[in-house]
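Student: I should like to examine the terms used for a protein interface. Could we set each value against its definition?

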There are 2 protein chains.
Amino acid sequence: MMLNLASRAYDRRWRIDPIVRSLLDTDFYKLLMLQMIWKHHADVPVTFSLINRSTDVRLAEIIERRELEAQLDHVRSLALTNQERIWLAGNTFYGTEGIFQPDFLAWLKTLRLPEYELRILDGQYELRFSGPWSQVMLWEIYAVTIVNTLRNRAGLARLSELELDVLYSRAKTRLWEKLDRLAEAGVTGIADFSTRRRGDFLFQEWAVLAAQDRLGAAFNGTSNVSLAQKHGIEAIGTNAHELPMVLTALADTDEEMRSAQYRVLDQWQQMYQGRLLVFLPDTYGSTQFLEEAPDWVADWTGLRVDSKDPFEAGEEAIRWWQARGRDPREKLVLFSDALDLDDILALDRAFRGRCRLGFGWGTLFANDFRGCHPRHRDDLNPLSLVCKITEVRGRPAVKLSDNIAKPTGPETEITRYRRLFGDAGAAFRPIVA
Amino acid sequence: MMLNLASRAYDRRWRIDPIVRSLLDTDFYKLLMLQMIWKHHADVPVTFSLINRSTDVRLAEIIERRELEAQLDHVRSLALTNQERIWLAGNTFYGTEGIFQPDFLAWLKTLRLPEYELRILDGQYELRFSGPWSQVMLWEIYAVTIVNTLRNRAGLARLSELELDVLYSRAKTRLWEKLDRLAEAGVTGIADFSTRRRGDFLFQEWAVLAAQDRLGAAFNGTSNVSLAQKHGIEAIGTNAHELPMVLTALADTDEEMRSAQYRVLDQWQQMYQGRLLVFLPDTYGSTQFLEEAPDWVADWTGLRVDSKDPFEAGEEAIRWWQARGRDPREKLVLFSDALDLDDILALDRAFRGRCRLGFGWGTLFANDFRGCHPRHRDDLNPLSLVCKITEVRGRPAVKLSDNIAKPTGPETEITRYRRLFGDAGAAFRPIVA
């Protein structure tokens, strides 16, 4: 067989194998949020910080600093391409054309990601991104994805070619068995939410194509914008904690702080309609959120469950819609926290027919290599790695969530927020990934 | 990425994807037998015939005649290469150099396979190879391999690229689990005997490399000469039924017929020594073979168990060596009929320490796709396909075996042979593959 000498010589020139190759290799909700931030809060100074909750995994001893810098620098060299801008402008998202405004896309085309700050402390990387909210917020997904993938690559580098083949064969076999089980149980509303926690881009791509093939219309789409574009799949996602976290941190009075979580939604519904109206109630506790919510919130399409026990959260949502005089069967409950096959099957059994169901499947969709290692090492098991807003205009940003084990922010601020929002419905849940 | 336009244009020219690409893509024992046949029986006119025992699989409706002819014709275009001849001459087999004589290799270099006869009868291919024994005998493995592979390709052609990936992932995962189990149980003496029944060449290659990686020294080698050459692995195998079948058919008296099975071994030990002295007693029933055997047969290294219940066969062999005053712990029992993981584990438990053990693992080593099909079809399940000597100098060739379900030859001849050899120790066993 003749080699392509030109290709070989060209390939040898690559200094790195880039992990993030497009600004669209991110979650769709980041773009939706970015448009709103760009419109209303473009210049608010914020800081995102990487937090490794799996503290026993000493990332700075696994990942070389030079490698990490090279990958982050590569992201800074990326810009939206013409093809990507035209696709964002012309594609239909959630059944609606023209979701992204031309002036937003024109601005996005000019966006380059700002500098990062990188330090090593106690075996961990301290990685921070500071700047105007609209300019730094995309860093979140790229940073988590890069660190996760570099850590996986370090584990993969210990395997022979044959062992890698066994590893991927096992992981693919396992995912296919999961899809088989979901298809046989008739579960619908499955979506890929794995981007930042995927094994790597190509395995996420495989997982998405496998899900589309095996589940058909029961697979709703992917949160990954690049994959949605490349394969003509629905892009999925709405909004996340950073919106209420920033607006609450910016508030000057207790009253403003308590109402910021609804002000976010009001701004959202001025920009988006229909199926994009899905709220995330758990930033400061879902129970207080629902109790205090203005009635128009109950008109929204549905809610996303993230940090609460999902069975309790589903029951609470159904009771709340009923109490507000809405029919829960027309409402969407989107489960999204650390789901695996058995959770999805059990939630489907518990709620099918009582509300509309969605399952945002992440780590254990496209990064379930547990027990797949041919030499039984655990260095490919998922990490619990996040990149969160930690500062807003010099003030600390806080998230309480429904899980007592999962708040972010300085201890004194967490106490202050807990006093303000209460802790109704909060409970301890172990963190999976 | 730039394409290699020259390679692409060249690739497009291939009319077929050849299944057999080298005369060494055969079982090692065929070459050992061929050297003896070339020396003593080169010109005996024989006929080999393909027999599909899986009569419910109508091969002529699955495989296109043109495809089959193209593959068979391709084999006729093959000749031993210089590199192959030099390797056969210089390599050490079973610890011995120069097993193949220079004049044999010089003759082998000139060998081209003769014509075949192909007809379709009742949905099956009638495929026959007639000519001097030394010229046609290699057809056996190529013919079975080609028909098996074409039948598999027909099944694979129904699958999407993703489904193929799932299929192979599952098959690889399964084989690796089997290897894991064998390694954990400390089983030794495993060898690949899958050539003619492999999924295809590349999967056999994967299986051999995986076994070598996972089992280390517990993997003895492969029967496939091409793979042994390519990867520097031991080539494994000694002799098969065709030798006693031909010599018995050539015999003119009952006495000569009964002794032919030992005359074969006498010719063998004039040519080969040491670890190559492994006999196959079951052509006309193992029990009569052992009872009537000259004492020097008990000096041989061991025996191969093929058609008898392997536990009974092992016990019988041990009793026989003891009765002949030999220590069974120094003797090899090589199991080789339709083995799978559980058989190997059970046989190892039953015989370890009582004799030396070998396991010639075939179909279910490199062709276990049962239940791996993503759409649950069974068109990749193994066939029971053989290519046997059917005629010798105008006389029918007969094999009785220890399995009443497995004789080959015309009914009247089988009756005659049964009268001559008896049926001591024969039993019914279902045919797996």
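Tutor: The following exchange concerns the interface of chain B and chain A. This is a predicted model, in which local features need pLDDT of at least 70 and side-chain atom pairs count only at pLDDT 80 or more, while totals for chains, interfaces and linings use all residues. Residues are numbered from 1 along each chain as written, chains are lettered from A in the order written, and side-chain values use heavy atoms, without hydrogens or water.

Student: How do you know how many residues of chain B are in contact with chain A?

Tutor: Contact means heavy atoms within 4.5 Å. By that criterion, 22 residues of chain B are in contact with 22 residues of chain A.

Student: What makes up the area buried between chain B and chain A?

Tutor: Buried area is the accessible area (1.4 Å probe) that two parts lose on being put together, summed over both. Here the value is about 1,900 Å², and carbon and sulfur atoms give 51% of that area. In chain B, the residues losing the most area to chain A are B:Leu162, B:Arg170 and B:Trp176, together 27% of what that side buries.

Student: Why is the pair B:Glu177 and A:Arg170 called a salt bridge?

Tutor: The term requires a side-chain nitrogen of Lys or Arg within 4 Å of a carboxyl oxygen of Asp or Glu. The closest N and O atoms of B:Glu177 and A:Arg170 are 3.2 Å apart, therefore the pair qualifies. Between chain B and chain A the count is six salt bridges.
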